[in-house]
Amino acid sequence: MLVLHHLENSRSQRIAWALEAIGVEYEVQTYLRTAEQTAPESLKRIHPLGHAPVLQDGDIVLAESGAILEFLADQYDSTRVLKPEGKQAVIDYRYWLHFAEGSFMPLLLMLLLFRKIPQQKMPFFVKPIARSICKKVEASFIAPRLNDVINLVEGHLGEQKWFAGDQCSAADMQMSFPLLALKEVMNLSSYPNITRWITMIRSEPAYQSAANRVGEFQAF
Ligand SMILES: N[C@@H](CCC(=O)N[C@@H](CS)C(=O)NCC(=O)O)C(=O)O
């Protein structure tokens with residue numbers, strides 16, 4: 001049976017959504033985050049990087065959510081709910097599958113880290129300096145790039161209902177994590193297309209089954 005190694009409140013929620021959508025049986029091994037919000041060492045026994053998600057299929061052990069989604073699409077998706085059909089839809093599917101981790105998540109992680117740094121323990125006289133440097137990095141480097149990313153996504157979802165093709169696909173599953181994480185750190189009321197899409201994915205039956213089984217993303 002397929003085993004999903006799931007770290008609480010993490011990207012592995014995407015994989016649970018995909019597994020529910022294709023309707024295969026799977027087992028969930030849940031790992032709790034440490035006090036520092038990292039994955040526990042025990043996840044390194046499954047994959048050397050110790051990151052989630054990891055999918056185990058017999059002796060195949062696969063990390064990277066995009067690679068796992070493609071594996072499921074190739075090997076288990078007999079009714080083709082993960083990968084759309086049609087030339088443009090497949091181009092979009094690949095693009096957003098890579099975009100989520102390649103262009104979106106690094107900026108979001110940087111934003112979270114640079115907001116966290118000034119909250120760390122440090123001598124009181126260092127704190128204002130740390131705060132000022134972090135604000136400068138956020139304003140000059142992270143925010144303009146993140147705005148470009150958000151505007152690109154908003155524009156795309158203004159032109160089409162789903163990320164790739166005319167129905168929900170693995171591209172939506174992959175994009176769900178950065179967009180749900182973004183919603184936790186930013187007011188999205190001026191992005192009606194992203195807001196509509198978030199409401200739409202939350203009403204997907206497979207999304208809801210996955211949320212019931214492994215939980216939904218919440219801010220740290
Ligand atoms: N690009 C990888 C990222 C994997 C990743 O960083 N996962 C996070 C959970 S969302 C993790 O395991 N973090 C724990 C840690 O860094 O200790 C993917 O898409 O699967």
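**Salt bridges, a mixed sheet and a one-faced helix**

Glu138 and Arg115 meet through their side chains in a salt bridge, at 2.8 Å from N to O. Glu138 belongs to helix α4 (residues 127–159) and Arg115 to helix α3, so this pair ties together parts that are 23 residues apart in sequence. Bear in mind that the model is predicted. Here's a quick tour, starting with the other charged pairs, then moving on to the sheet, a buried serine and helix α7.

**Salt bridges**

- Searching the whole structure turns up five salt bridges, and the Glu138–Arg115 contact is one we've already met.
- On the Arg115 end of that contact, the relative accessibility is 36%, so Arg115 counts as partly exposed.
- Another pair is Glu216 with Arg202, whose closest N and O atoms sit 2.8 Å apart. Glu216 is in the segment after α7 (205–214), while Arg202 is in helix α6 (residues 192–202), so the bridge ties together parts that are 14 residues apart in sequence.
- Both of these side chains are partly exposed: Glu216 has a relative accessibility of 31%, and Arg202 has 28%.
- Then there's Arg14 with Glu101, where the closest N and O atoms are 3.0 Å apart. This one links distant parts of the chain, with Arg14 in helix α1 (residues 12–22), Glu101 in helix α3 (residues 87–116), and 87 residues separating the two.
- Is Arg14 buried or exposed? Its relative accessible area is just 1%, so Arg14 is buried, whereas its partner Glu101 is partly exposed at 21%.
- The Arg14–Glu101 pair isn't on its own, since Arg11, Arg14 and Glu101 are linked in a network of salt bridges.

**The sheet**

- Four strands make up an open sheet in the order β2-β1-β3-β4, and the pairing is mixed. At the edges are β2 (26–31) and β4 (60–63), each of which pairs on one side only. From one strand to the next, the twist averages 20 degrees.
- Inside the sheet, β1 (residues 2–7) and β3 (residues 54–57) pair antiparallel, held by three bridges. Going residue by residue, His5 has Val54 of β3 as its bridge partner, and Leu4 stands opposite Leu55 in β3.
- What sits on the sheet? Helix α2 (residues 65–75) packs there, touching β1, β3 and β4, and its direction makes about 130 degrees with that of β4.
- Over at the β4 edge, β3 and β4 run antiparallel and are joined by four bridges. Across this pairing, Gln56 stands opposite Val61 in β4.
- How many residues lie between β3 and β4 in their hairpin? There are two, and Gly58 in the turn has a positive phi of about 60 degrees.
- As background for reading these strands, side chains in a regular strand alternate between the two faces of the sheet.

**Ser176 and its neighbours**

- Ser176 lies in helix α5 (residues 170–185). With a relative accessibility of 5%, it falls below the 20% cut-off, so Ser176 counts as buried.
- Leaving aside residues up to four places away in sequence, Ser176 touches Arg14, Trp17, Trp197 and Ile201. Arg14 is the buried arginine from the salt-bridge section.

**Helix α7**

- Which residues of α7 are buried? They are Ala206, Tyr207, Ala210, Ala211 and Val214. Look down the axis of α7 and these buried residues fall within an arc of 140 degrees, so they line one face of the helix.
- That buried set packs against β1, α1, β2, α5 and α6.
- On the other side of α7 you'll find Pro205 and Asn212, both exposed.
- Right after α7 comes Gly215, whose phi is positive and near 90 degrees.
- The segment following α7 is also where Glu216 lies, the residue that reaches back to Arg202 in helix α6.

Key:
Residues are numbered from 1 along each chain as its sequence is written. This is a predicted model: local features need pLDDT of at least 70, side-chain atom pairs count only at pLDDT 80 or more; totals for chains, interfaces and linings use all residues. Side-chain values use heavy atoms; hydrogens and water are left out. Two strands pair if DSSP finds at least two bridges between them. Axes are lines fitted to C-alpha atoms, for helices over the stretch in contact, and angles run from 0 to 180 degrees between N-to-C directions. Contact means heavy atoms within 4.5 Å. A salt bridge is a side-chain nitrogen of Lys or Arg within 4 Å of a carboxyl oxygen of Asp or Glu. Buried means under 20% relative accessible area, exposed over 50%, partly exposed in between (1.4 Å probe, protein chains only). The arc is that of the directions from the helix axis to the C-beta atoms.
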